Amino acid sequence: MTVQTTGTSDIQVFTARKVITMDPTLPEATAVAVRDGLVLEVGSLETLKPWLDRYPHSVDRQFEDKILMPGFIDPHLHPSMAAVILQMEFLTAMEWRLPWGTVQPVKTQEAFFARLKELADGMDDPDAPLFTWGYHRNWHGEITKPMIDEIVGDRPVILWHRSFHEIIVNSKALEWMEITRESLGNHPQANFDDGHFFEMGLHKASSKLTPYLMAPERAMDGLNRLREVAHFGGHTTLGDMAVGIFNLDMEFEGAKMMYENDQTPFRIQMIANAMSLSATNKSHQNTLELIDALPKRNTHRLRFSNHVKLFTDGAFFSQLMQLGEPGYLDGHHGEWLMPPESFEEAAQLYWNAGYRIHVHCTGDMGLELALDMLDKLQWERPRFDHRYTIEHFGLSTPEQVRRLKALGGCVSANVYYLHELGDVYARAGIGYERASQIGRLGSCVREGIPTALHSDYTMAPALPLNSAWVAVNRVTAEGNVMAPTECLSVEDALKAITIEAAYVMGLENEVGSIRAGKKADMVVLEQDPYEIDPMTLKDIPIWGTIFEGAVFPIKKSNV
């Protein structure tokens, strides 16, 4: 990654065709003055004169034909999880645009197996495990251990589901993971005969998988790829919304080694995964004491604060979200990630300790549990400005949106669910009405609920303009527009990847808009998002970013 400097003067001024500040008091400008990594003043060269007449300065005019905006913020992704997936071979039903190339889609089971065999045959080491990511039964059909054995039976094969919440493995992989029928027992979320491990059952397979995937050299390569991905999307702030998903110490130390340097053009807000940590710390109280101590580890780019992550129901991509009536088309039921009684115990503990709680919710019943809990917490111990945030916000009802507003909650949504899954879930999941209303964001904004967009990378591409495009147009992968009344305006979609994203992370006084006193974080765009056809919003070329005043171009080979 190349870093440009703009001189050694005390003040550096960036001029642009337009500066979109996301500050409603001064929404547009043409120049930004920066000193010591902070915005000194926003305006024009003329209005900046009181500063420029007094202090040494330089004027950087390289962006005079470009647009500057606040650096994009993804308030919910998982660097360690992304680092693991980015080591794997992508075998997905959707095209994936990555900094180093574009992965073409694989949409049928026949094509999936053909590609799987091609990948296995192309490996040099005959004993090395083959990891793929992206399998989804709605495109690739039901796949089981015997089926993989028939295609690739001579090496360990691990198919990581598109959701990351489940895997399907062959017989060789079970041997490699040292899992036998007896050692597995009768776990309700693991099936030895099918080679299927999901949700908490996945932990039964993790003792072998995690050390292999998180081995230092492999993990560092994955984290470096994630740095490229984040920069490629125009990010200057990320939220690691579940530190401890694998191993807290390993994740933090790896991130510090890779990202705490001048080559990294973003910061990461670290939010602890209370569910995973409580599994190893024996109790929620022990976990609270551990999380209380985490800010002592903070560095310039990696910071823990008073935020914590909890969970209700299962993965959206696996159709394991908990649904109210009428449920799923085929009558199956979702799963709880945290049993309701455990969720309640943890939520009360962290609420009373003053934490801002983020709750993974995918189905409307999962959301109902989260709302019931917030209602109870506010009754027992009222708090102002609590930022209780619903993460993902897959399925909801209009009544739940109004209730969330009344309780003072926030939304951080993965609206990309609608694009990839809207059509298939209408046909083979939950019916058209509910599928069309995935990501009910227009209602949230109309109610005045703080609403952000995230990727949960790799559940969606780490491309904020792509998420904004889905929110504005609500166009599915098959080209259908679903529930247009829930579309966001371009303005609200851009707020959702800048100032509103900063707000749900508690960082609105530092980032999210360009104004005096904030971090000098900006993304450099080749086109004005307000002047183009909203259907082309996702295609705006990103020149690069500015992080705390340092300029980071995106390499031409990456575009």
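**Figure 1. Ala 502 is buried, with a relative accessible area of 0%.** The view is taken from a predicted model. Ala 502 belongs to helix H21, which covers residues 499-504. Beyond its neighbours within four places in sequence, Ala 502 makes contact with Ile 73, Leu 507, Glu 508, Val 511 and Gly 512. One of these partners, Gly 512, is 10 residues away in sequence, and its C-alpha is 5.4 Å from that of Ala 502.

**Figure 2. Thr 362 occupies the loop between strand E17 (356-361) and helix H14 (364-380).** The relative accessible area of Thr 362 is 1%; because buried means under 20%, Thr 362 counts as buried. Its side chain reaches the backbone oxygen of Gly 314 at 2.6 Å. Gly 314 is also listed among the contacts of Thr 362 when neighbours within four places in sequence are left aside. The other residues in that set are Asp 313, Phe 316, Met 321, His 392, Gly 394, Leu 395 and Tyr 417.

**Figure 3. His 392 lies in strand E18, residues 389-392.** This histidine is buried, with a relative accessible area of 2%. Not counting residues up to four places away in sequence, His 392 touches three further histidines, namely His 76, His 360 and His 454. Its contacts also include Cys 361, Thr 362, Ser 412, Ala 413, Asn 414, Tyr 417 and Asp 456. The contact with Thr 362 links this view to that of Figure 2.

**Figure 4. Arg 267 and Glu 548 meet through their side chains in a salt bridge of 3.0 Å, N to O.** Arg 267 lies in strand E15 (residues 267-273) and Glu 548 in the loop between strand E22 (542-547) and strand E23 (550-553), so the pair ties together parts that are 281 residues apart in sequence. Arg 267 is buried, at 2% relative accessibility.

**Figure 5. Lys 376 forms a salt bridge with Glu 344, with 2.3 Å between the closest N and O atoms.** The pair connects distant parts of the chain, 32 residues apart: Lys 376 is in helix H14, and Glu 344 is in helix H13 (residues 340-352). Both partners are partly exposed, Lys 376 at 33% relative accessibility and Glu 344 with a relative accessible area of 27%. Elsewhere in the model, salt bridges that share partners join Arg 267, Lys 519, Asp 521 and Glu 548 into one network.

**Figure 6. The side chains of Lys 66 and Asp 65 meet in a salt bridge at 3.7 Å, N to O.** Which of the two partners is buried, and which is partly exposed? Lys 66 counts as buried, at 9% relative accessibility, whereas Asp 65 counts as partly exposed, at 48%. A search of the whole structure finds 32 salt bridges.

**Figure 7. Six strands form an open sheet with mixed pairing, in the order E6-E9-E10-E11-E13-E12.** The edge strands, each pairing on one side only, are strand E6 (89-90) and strand E12 (190-191). Helix H3 (residues 109-121) packs on the sheet and touches E6, strand E9 (130-135) and E10. The direction of helix H3 makes about 155° with that of E9. Within the sheet, strand E10 (residues 157-161) and strand E11 (residues 166-169) pair in the antiparallel sense over 3 bridges. Leu 159 stands opposite Ile 168 of E11. Strands of a sheet pair through backbone hydrogen bonds, in either a parallel or an antiparallel sense.

**Figure 8. Met 257 is found in helix H10, residues 248-259.** At 63% relative accessibility, Met 257 counts as exposed. Met 257 and Glu 64 are 193 residues apart in sequence, and their C-alpha atoms are 36 Å apart in space.

**Figure 9. The protein as a whole contains 21 helices and 23 strands.** Along its principal axes, the C-alpha trace spans about 80 × 60 × 50 Å. The radius of gyration is 23 Å, which agrees with the value near 24 Å for a compact globule of 559 residues. Buried residues account for 60% of the 559 residues. Of the contacts between residues at least 6 apart in sequence, 74% join residues at least 24 apart.

Technical notes: Residues are numbered from 1 along each chain as its sequence is written. This is a predicted model: local features need pLDDT of at least 70, side-chain atom pairs count only at pLDDT 80 or more; totals for chains, interfaces and linings use all residues. Side-chain values use heavy atoms; hydrogens and water are left out. Helices (H or I, at least four residues) and strands (E, at least two) are DSSP runs, numbered from the N terminus. Buried means under 20% relative accessible area, exposed over 50%, partly exposed in between (1.4 Å probe, protein chains only). Contact means heavy atoms within 4.5 Å. A polar contact is a pair of N or O atoms within 3.5 Å; within protein, one must be able to donate a hydrogen and the other to accept it, and residues adjacent in sequence count only if both atoms are side-chain atoms. A salt bridge is a side-chain nitrogen of Lys or Arg within 4 Å of a carboxyl oxygen of Asp or Glu. Two strands pair if DSSP finds at least two bridges between them. Axes are lines fitted to C-alpha atoms, for helices over the stretch in contact, and angles run from 0 to 180 degrees between N-to-C directions. The radius of gyration is taken over C-alpha atoms; the globule rule is 2.2 Å times the number of residues to the power 0.38.
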